[in-house]
Amino acid sequence: MSVSRLWLLPLLACLGGGAAAAPAPAPVQVAGAWVPEPPAVARNAVAYLTLLGGEQGDVLLGASTPVAEVVELHETSLANGILRMRPVASLPVQARQRVEFAPGGLHMMLINLRQPLRYGGKVVLQLQFEKAGKLSVEAEVRSLPPAPAAGDAEMHHHHHH
């Protein structure tokens, strides 16, 4: 074996080891699921999360939760200065793409709550995907961050000594 090829060995070992250990293509991953604490009298709540596309694209077909009768996927869009929410029947998740459910954008409506949702509680969401099947995710009930007042953005950058 000539010396010029020796540098390839560690590289091949790394590549080979990595490939051998890799499981089947990873399905969609769900991260950062949370539910803003609804008012005590609220019949509905909303859930946010991030979907990370796996090796192949997939489609989110719907969701359910034990804490509500129905879960709908909604999209918020701004048209002619009017904020509209419309249900989305299904949501494509491209391979290796992030799909953010966030305030003012995509979200899940938890309709007709069966129980009050309290700060610090957990909500189990069952997401139904075309390829990945059912994925269960735990969403934490959090308080909504107060909307920053104009000019207040600098207040959050103090360093503690």
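Two strands pair if DSSP finds at least two bridges between them. In this predicted model, eight bridges join strand E9 to strand E10.

**Strand E9 and its partners**

E9 covers residues 122-129, and E10 covers 133-142. The two strands run antiparallel. A hairpin of three residues connects E9 to E10. Within this pairing, Lys122 stands opposite Glu140 in E10.

E9 also pairs with E3, which spans residues 58-64. Four bridges join E3 and E9, and these strands run antiparallel. Here Ser64 stands opposite Gln126 in E9.

Which side chains of E9 point to the buried face? They are Val123, Leu125, Leu127 and Phe129. Lys122, Val124, Gln126 and Gln128 point to the other face and are not buried. In a regular strand the side chains alternate between the two faces of the sheet.

**The nonpolar core**

The largest nonpolar core has 35 residues. Leu51, Phe101, Met108, Leu110, Leu125 and Leu127 touch the most other members. Strands E1, E2, E3, E4, E6, E8, E9 and E10 each supply at least two residues of this core. E2 gives the largest share, six residues.

Met108 shows how such a member is surrounded. Leaving aside residues up to four places away in sequence, Met108 touches Ala45, Val46, Ala47 and Leu49. Its contacts also include Leu60, Ala63, Val71, Glu72 and Leu73. Phe101, Leu125 and Leu127 are among them too. Leu125 and Leu127 belong to the buried face of E9.

**The aromatic pair**

The structure holds one aromatic pair. The ring centres of Trp34 and Tyr48 are 5.1 Å apart, and their planes meet at 40 degrees, so the pair is tilted. Trp34 sits in strand E1 and Tyr48 in strand E2, 14 residues apart, so this pair links distant parts of the chain. Are these two residues buried or exposed? Trp34 is buried, with a relative accessible area of 13%. Tyr48 is buried as well, at 9%.

**Salt bridges**

How many salt bridges does the model contain? The count comes to four. Three of them are described here, with their N to O distances.

| Salt bridge | N to O distance |
|---|---|
| Glu55 and Arg96 | 2.8 Å |
| Arg86 and Glu75 | 2.5 Å |
| Glu140 and Arg142 | 3.8 Å |

Take Glu55 and Arg96, which form a salt bridge. Glu55 lies in the loop between E2 and E3, and Arg96 in the loop between E6 and strand E7 (98-100), so the pair ties together parts that are 41 residues apart in sequence. Glu55 is partly exposed, at 43% relative accessibility. Arg96 counts as exposed, at 58%.

Next come Arg86 and Glu75, whose side chains meet in a salt bridge. This pair links distant parts of the chain: Arg86 is in strand E5 (residues 82-87) and Glu75 in strand E4, 11 residues apart. Arg86 is partly exposed, with a relative accessible area of 46%. Glu75 is partly exposed too, at 25%.

The side chains of Glu140 and Arg142 also meet in a salt bridge. Glu140 is partly exposed, at 33% relative accessibility. Arg142 is partly exposed, with a relative accessible area of 33%. Glu140 is also the residue of E10 that Lys122 stands opposite.

Methods:
Residues are numbered from 1 along each chain as its sequence is written. This is a predicted model: local features need pLDDT of at least 70, side-chain atom pairs count only at pLDDT 80 or more; totals for chains, interfaces and linings use all residues. Side-chain values use heavy atoms; hydrogens and water are left out. A nonpolar core is a set of buried Ala, Val, Leu, Ile, Met, Phe, Trp, Tyr and Cys residues joined through side-chain atoms within 4.5 Å. Buried means under 20% relative accessible area, exposed over 50%, partly exposed in between (1.4 Å probe, protein chains only). Contact means heavy atoms within 4.5 Å. Rings of Phe, Tyr and Trp (its six-membered ring) pair if their centres lie within 6.5 Å; planes under 30 degrees apart count as stacked, over 60 as edge-to-face and the rest as tilted.
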